[in-house]
Amino acid sequence: MQHLDGAFGGPFGVHVDRGDRGGSVLVAGTDTNGWNLDCEAAYMVGITEHGILGKIGVNSAGLALHFNILGHREDGVGGVPVHLLAASVLEEAGSVTEALDLVRSAPISASSSFTLFDHETAVATDITPVGVFVVEPVDGTVIRTNHFLAPAPRAGEKNELYQPDSGERYDLVASRFARGPEPRSATELLGFLYSDPGQPHLCCVPDMTLPLGQRWATLATIMLEPGSRTARVADGSPLEARNRPWRTLTA
């Protein structure tokens, strides 16, 4: 996911998510699996799935949220569904601080991550049944894939779900940021989100030889800009989005 404020000034980050059922989500910001453009209320815009109240979006207060699935061995039934919690954050919180307060107040039984950003602040979170852990930017950058970043929940992680793929995707993006120069525009950021042959797959390209239900594809790239309270959405992966039109939604 990419955090962009109105001037492309503060902290920013990249999301590379496999989604709920194996699809790929990349942010500058992407997500997949039959994504549907959605406006939950007059003050919130973004994308979600059929039947899911909230996933990725920005609200009229200038708070943006990206969503990644994680897995912990204490995950179970009960608690507030994480997609409902995401919708509640976008409906009720006006800043990263307010969003964190709301998340910490909720009973959690399933693990996920919200990357939260407003015009001043960006943080990642590890949201788990054993606690909510905030992960601060490193050198002004938040990178998020599908494994725990905080040390405390890592001991109980279900590594079989997303590893080693998640760690490899994270390291690939981090290595590109380390080499620099730092992207200074949305277009430059998209240039960080690709995979050469033999590299971890930042995007899902469907293998049409596989049976139905296993042909995962990256279907959308979304850019959330809290400074202008907009979500910009393009069909396809970040590579494809470079040459495709963007649809702009304003909260």
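Student: By class, what makes up the lining of the largest pocket?
Tutor: Heads-up, this is a predicted model: local features need pLDDT of at least 70, side-chain atom pairs count only at pLDDT 80 or more, and totals for chains, interfaces and linings use all residues. Numbering starts from 1 along each chain as its sequence is written, and side-chain values use heavy atoms, leaving out hydrogens and water. Ala, Val, Leu, Ile, Met, Phe, Trp, Tyr, Cys and Pro count as nonpolar, Asp, Glu, Lys and Arg as charged, and the others, Gly among them, as polar. On that split, the lining has 12 nonpolar, two polar and three charged residues.

Student: What volume does the largest pocket have?
Tutor: On a 1 Å grid over the protein atoms alone, a pocket is an open set of points where a 1.4 Å probe fits, with protein on both sides within 12 Å along at least five of seven lines; lining residues have an atom within 4 Å of a point. Points are joined across faces, edges and corners, and the volume is the space filled by probe spheres set on them. For the largest pocket that comes to about 290 Å³. Of its 17 lining residues, the closest to the centre are Val138, Asp139, Thr141, Ile143 and Phe177, and the volume, again, is about 290 Å³.

Student: Which element gives the largest share of that lining?
Tutor: Helices (H or I, at least four residues) and strands (E, at least two) are DSSP runs numbered from the N terminus. Both β11 (141-144) and α5 supply at least two lining residues. The largest share, four residues, comes from α5.

Student: How far does α5 reach from its first C-alpha to its last?
Tutor: The expected span is 1.5 Å times one less than the number of residues. With 15 residues (165-179), α5 should span 21 Å, and the model is close to that, at 22 Å.

Student: Is Thr230 buried or exposed?
Tutor: Thr230 sits in strand β13 (residues 230-235), and its side chain makes a 2.8 Å polar contact (N or O atoms within 3.5 Å, one able to donate a hydrogen and the other to accept it; residues adjacent in sequence count only if both atoms are side-chain atoms) with that of Ser228. Buried means under 20% relative accessible area, exposed over 50%, partly exposed in between (1.4 Å probe, protein chains only). Because its relative accessibility is 9%, Thr230 counts as buried.

Student: How far apart in space are Leu202 and Pro238?
Tutor: Leu202 lies in the loop between α6 (186-190) and β12 (220-225), and is buried, at 0% relative accessible area. Leu202 and Pro238 are 36 residues apart in sequence, but C-alpha to C-alpha they are separated by 9.6 Å.
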